Structure formats: C-alpha cells, structure tokens
Amino acid sequence: MEEPRPDLRADDEEREERPDFDDLVPPETLVRGERTRDDFFDAVLGLQSPATAAEVADRAGHGVDAAREYLEWFERMGIVTQVTDSPATYERNQEYLNWRRVHRLREHYDEDDLLEFLATAAERDDSFAEAFGVDAPDEVAIAAYASEVGRSVESVWEDVSAWRTVRRRIVLLERALQPGTDDTADQRPIA
C-alpha cells in the first residue's frame, strides 16, 4: 500500500490527539442505499414544472448519472413522466401520487376515521368559504381581498393555499371511501 501524500498525513501533534468518534457519521448511514433514493424521490416530489436530470440531481444533491438512473426507474414505477426527449425532462405524475395517498389512507385508517377526517375537512372548507364570501379558493382575488380587509397579501395567500389543501384532502378522502376506485389492478379486464 502506498503512503498518503504529505498534505494528507497527520503531523505529530495530530497523532497525539484522540479523534472524537462520536462526531462521525455512522457507517450504516453512509452506505445505506435508501437515502439516495429518498433524496431523488423528495426532489421529484418538489417539481413544479418539467426538469432535466441535471436539475433533479442538483435538487437531490447527487450526480447527474444517478439522477438519470433514478428518473428512469421512477418513470417505470409511474412516479414521473418524461415530457421531452432532447433534453430529457421529467415531471411528477400527480395521478400516481394521488393514488398512493388514497391507498395509504385505506391502509392506515378505517372507514369511521376517514369519515371523521372528511367531516372535519368539510367544516373547514365551509368556514373558508364563509370567511372569504366565495364558493372556491380560485375565486379569491388575493391582493384585492387583502386590501379590502386590511391584511397582508402573504397572510391571505396562506389562507387561500390552506383552503386549496383542504379541497385536495376532501377529494382524496372521498376517493378513499369509495372501495375499488384508484385500484388499477381491480379495473383491468382479465384476458
């Protein structure tokens, strides 16, 4: 084995100091493959518009070659869809993510829980509609409403965003309460 370069060798003073092994990252954390996958998964979940492999790699903090491999795998899984060929760009597949959320809701909660969640979300939806005086969040003119009621545009935008989230939650909960929906295996004809 070759000796390390002189600038990489410990000097006499460094050799006397005992390293603090508690400050080191555990090896199983470094070599675990799931973290890289999770980094790329988090990166594609955050996509708001089509992105190249280089952009996804940058978001995930990993190399472009790894991004290409994970994007191809995510595409086969249905998590992303390829939008363009040259350069290849990908976007998250929102339908897949919705299906996954519905599936998880069904796995983790019984019908009574789901009905309770739906009732709470519906009450919240009604309170937003009453507070804003419109039927849907897209009907709110954020800047005009903020000026009218003396609130900041940011706080009104946050409330409108929360209202949109409540509306999405209602749709997912309703789908979770309808057995057989969003289960593509149940919908395919058997040849």
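**Notes on the helices, the small sheet and the cores**

1. Let's start with R164, which counts as partly exposed at 29% relative accessibility. Bear in mind throughout that this is a predicted model. The partner of R164 in a salt bridge is D138, with 3.0 Å between the closest N and O atoms. This pair ties together distant parts of the chain, 26 residues apart: R164 belongs to helix α9 (residues 153-176), while D138 sits in the loop between α7 (111-132) and α8 (142-149). D138 itself is exposed, because its relative accessibility is 63% and the cut-off for exposed is over 50%.

2. How many salt bridges does the structure hold? There are eight. Background for anyone who wants it: side chains of opposite charge can pair when their charged atoms come close. Another one to look at joins D159 and R151, whose closest N and O atoms are 2.5 Å apart. Both ends are partly exposed: D159 has a relative accessible area of 27%, and R151 has one of 32%. Elsewhere, R35, D39 and D42 are joined into one network by salt bridges that share partners.

3. Within that network, have a look at D39 and R35. Their side chains meet in a salt bridge, 2.5 Å from N to O. The two residues are four apart in helix α3 (residues 33-45), so about one helical turn separates them. Is D39 buried or exposed? D39 is buried, with a relative accessible area of 16%, which falls under the 20% cut-off. R35, on the other hand, counts as partly exposed at 35%.

4. Now helix α4, which covers residues 53-60 and has A53, V56, A57 and A60 buried. Why do these buried residues line one face of the helix? Looking down the axis of α4, you find them within an arc of 100 degrees, so they share one face. Right after α4 comes G61, and its phi is positive, near 80 degrees.

5. On to the sheet. It is open, with three strands in the order β1-β3-β2, and the pairing is antiparallel. That leaves β1 (51-52) and β2 (80-85) at the edges with a single partner strand each, so one side of each has no neighbour in the sheet. As a reminder, strands of a sheet pair through backbone hydrogen bonds, either parallel or antiparallel.

6. The pairings are easy to trace by residue. β2 and β3 (residues 88-92) run antiparallel and are joined by five bridges; the two strands make a hairpin with two residues between them. Over in β1 and β3, two bridges hold the antiparallel pairing. Y90 of β3 is a good place to click: Y90 is the bridge partner of A51 and also of Q82. Next along, E91 in β3 stands opposite T81.

7. T89 is worth a look too. T89 is found in strand β3 and is buried, with a relative accessible area of 12%. Which side chain does the side chain of T89 make a polar contact with? That of T84, at 2.6 Å. Setting aside neighbours within four places in sequence, T89 is in contact with P50, A51, T52, T81, Q82, V83 and T84.

8. Finally, the cores. In soluble globular proteins, nonpolar side chains tend to be buried together. Here the largest nonpolar core has 21 residues, and those touching the most other members are L105, F132, V140, V156, V160 and W163. Helices α6 (94-108), α7, α8 and α9 each supply at least two residues of this core. Which helix gives the largest share? That is α9, with eight residues.

9. For a closer view of this region, try V140. Leaving out neighbours within four places in sequence, V140 is in contact with F132, V134, Y145, V160 and W163. Apart from this core lies another, of 19 residues, including Y70, F74, I79 and L97.

Note on methods
Residues numbered from 1 in each chain as written. Predicted model: local features only at pLDDT ≥ 70, side-chain atom pairs only at ≥ 80, totals over all residues. Heavy atoms only, no water. Buried < 20%, exposed > 50% of the residue type's maximum accessible area, 1.4 Å probe, protein only. Arc of directions from axis to C-beta. Pairing = 2+ DSSP bridges. Salt bridge = Lys/Arg side-chain N within 4 Å of Asp/Glu carboxyl O. Polar contact = N/O pair within 3.5 Å; in protein donor to acceptor, adjacent residues only side chain to side chain. Contact = heavy atoms within 4.5 Å. Core = buried A, V, L, I, M, F, W, Y, C linked by side-chain atoms within 4.5 Å.
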